[in-house]
Amino acid sequence: MFLLVGRTRKLRSFSTAAAQPYLLVRERETLPTEVAKSLRIGSSKGWVALTDLQNSKLRFTNLFNPCASSPTTVTLPPLDGCYRGSVARVSKVSLSASPNQRDCVVAAKLFAPVISLCRPGDSEWTHIETPNHFFTSAVMHSMRDQKFYLHSPDTAPTDLIKTCSDFPLVSPYRRFPFSEIPKTAHDLYQSSLFRTQYLVESPSGDSFIVIWCMNSGKIEEETSRLRCETKGFMVFKQDHGKKLCSYTQDIGYLCIFLGKNESFCVSATKYPGLNPNSVYFEGSETGFGFYELSSNTVHDLTHLAPFSAFYLWLAPLE
């Protein structure tokens, strides 16, 4: 389940499957120059996204994924002039397929009301303006609907965003109203100082809204870093029959992975060793671990790995 890339390779694995989700804790010691001089910003489909520190080029590499049979790095054109003639920083990325596949489309959501689309091999990006509500929204590719969704926790327009016919549709995600929740979940929400919403799609096409509830913690003596406390997670499933986003503590054998990665979901039946009906989390402020939905229990696993300022989930490669 977890992989430590670096000098120490004694971090135990939680899954016995050959191709499995991994947690990137540290980089390997020797990397190609173009990768070593790039900043990791996220991951999608098991590929790590990087931005070049010297220009605005975006790269995707599977070098960090131990399941990669052929280590590959794909370089995309510079993100020049994408917002009012200047370069905006990339906040989230999403892939419609692995970058080494012909039908792959890359979506880069910027810290701006812009989403940029590109295919590996294109000479330039296609920049698409979005409503201001989606200035800092996440982006997710839906295998079920074959489109990119923008997700914002705030009320936002739900009309299709005008895109080029050569690319998949880009659409704000329209969730149903939240259902009533138990008092324990209500108390969890109200007692949390920080709350972050995530959109994730299961392998069967079900959609979930997950709310990560946190409190500020304390300063660590060893690292002088503020640690946030994960209090719990609230999961809502889109119920198309009832037209509700229904609260649930039972997602069956599914495991949801949240963090700087594009959120993803796998079945514990396919990856033995994972804890079913759980939300796995990572963050430089929170550490990493998993939350059992049925028992409302947080399992902090940060002590299993050496200190790192950057954790990143890697989904199984397709």
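**Two pockets, two cores: a walk through the model**

Let's start with one residue: Met214 is buried, because its relative accessible area is just 11%, under the 20% cut-off. Before I go on, keep in mind that this is a predicted model.

So, where does Met214 sit? It's in strand S14. Leave out the neighbours within four places in sequence, and Met214 is in contact with Ser192, Leu193, Phe194 and Thr196, then Glu229, Thr230 and Lys231, plus Thr286. Glu229 is worth pointing at: 15 residues separate it from Met214 along the chain, and their C-alpha atoms are 5.5 Å apart.

Okay, zooming out. We've got 318 residues, and 54% of them count as buried. There are two helices and 22 strands. If you take contacts between residues at least 6 apart in sequence, 50% of those join residues at least 24 apart.

Now the pockets. The largest pocket holds about 970 Å³ of space. It has 38 lining residues, and the ones nearest its centre are Ser91, Lys92, Tyr198, Gly259 and Lys260. Which strands supply at least two residues of that lining? You've got S2 (38-44), S6 (90-95), S10 (138-142), S13 (194-201), S14 (207-219) and S19 (278-283). S2 provides the largest share, five residues. Split by class, the lining comes out as 14 nonpolar, 16 polar and eight charged residues. And where does this pocket lie relative to the domains? Domain 1 (31-171) and domain 2 (175-304) both contribute to its lining, so the largest pocket lies between them.

Next, the second largest pocket, with about 580 Å³ of space. This one is lined by 23 residues; closest to its centre are Lys45, Pro203, Phe264, Cys265 and Glu318. Two elements give two or more residues here, S10 and strand S18 (264-267). S18 gives the most, four residues. The class breakdown is eleven nonpolar, six polar and six charged. The second largest pocket also lies between domain 1 and domain 2, because both domains give residues to its lining.

On to the packing. The largest nonpolar core has 20 residues, and the ones with the most contacts inside it are Leu58, Phe60, Leu76, Val90, Val93, Val106 and Trp125. The elements giving two or more residues to this core are strands S3 (47-52), S4 (57-61), S5 (73-78), S6, S7 (106-110) and S8 (114-118).

Let me pick Val93 out of that list. Setting aside sequence neighbours within four places, Val93 contacts Ile41, Ser43, Ser44, Ala49, Leu58, Phe60, Ala107, Ala108, Val139 and Glu262.

Apart from the largest core there's another one, of 17 residues, and Tyr198, Val210, Ile251 and Leu293 are among them. You've heard Tyr198 already: it's one of the residues nearest the centre of the largest pocket.

One last stop, Thr51, over in strand S3. Is Thr51 buried or exposed? It counts as buried, because its relative accessibility is 18% and the cut-off is under 20%. Not counting residues up to four places away in sequence, Thr51 touches Ser38, Leu39, Ile41, Lys57 and Leu58. Two of those names, Ile41 and Leu58, also turned up in the contacts of Val93.

That's the tour. Happy to rotate the model for anyone who wants another look.

Technical notes
Residues are numbered from 1 along each chain as its sequence is written. This is a predicted model: local features need pLDDT of at least 70, side-chain atom pairs count only at pLDDT 80 or more; totals for chains, interfaces and linings use all residues. Side-chain values use heavy atoms; hydrogens and water are left out. On a 1 Å grid over the protein atoms alone, a cavity is a set of points where a 1.4 Å probe fits but cannot get out, and a pocket is an open set with protein on both sides within 12 Å along at least five of seven lines; lining residues have an atom within 4 Å of a point. Grid points are joined across faces, edges and corners, and a volume is the space filled by probe spheres set on the points. Ala, Val, Leu, Ile, Met, Phe, Trp, Tyr, Cys and Pro count as nonpolar, Asp, Glu, Lys and Arg as charged, and the others, Gly among them, as polar. Domain bounds come from an automatic or database domain assignment. A nonpolar core is a set of buried Ala, Val, Leu, Ile, Met, Phe, Trp, Tyr and Cys residues joined through side-chain atoms within 4.5 Å. Buried means under 20% relative accessible area, exposed over 50%, partly exposed in between (1.4 Å probe, protein chains only). Contact means heavy atoms within 4.5 Å.
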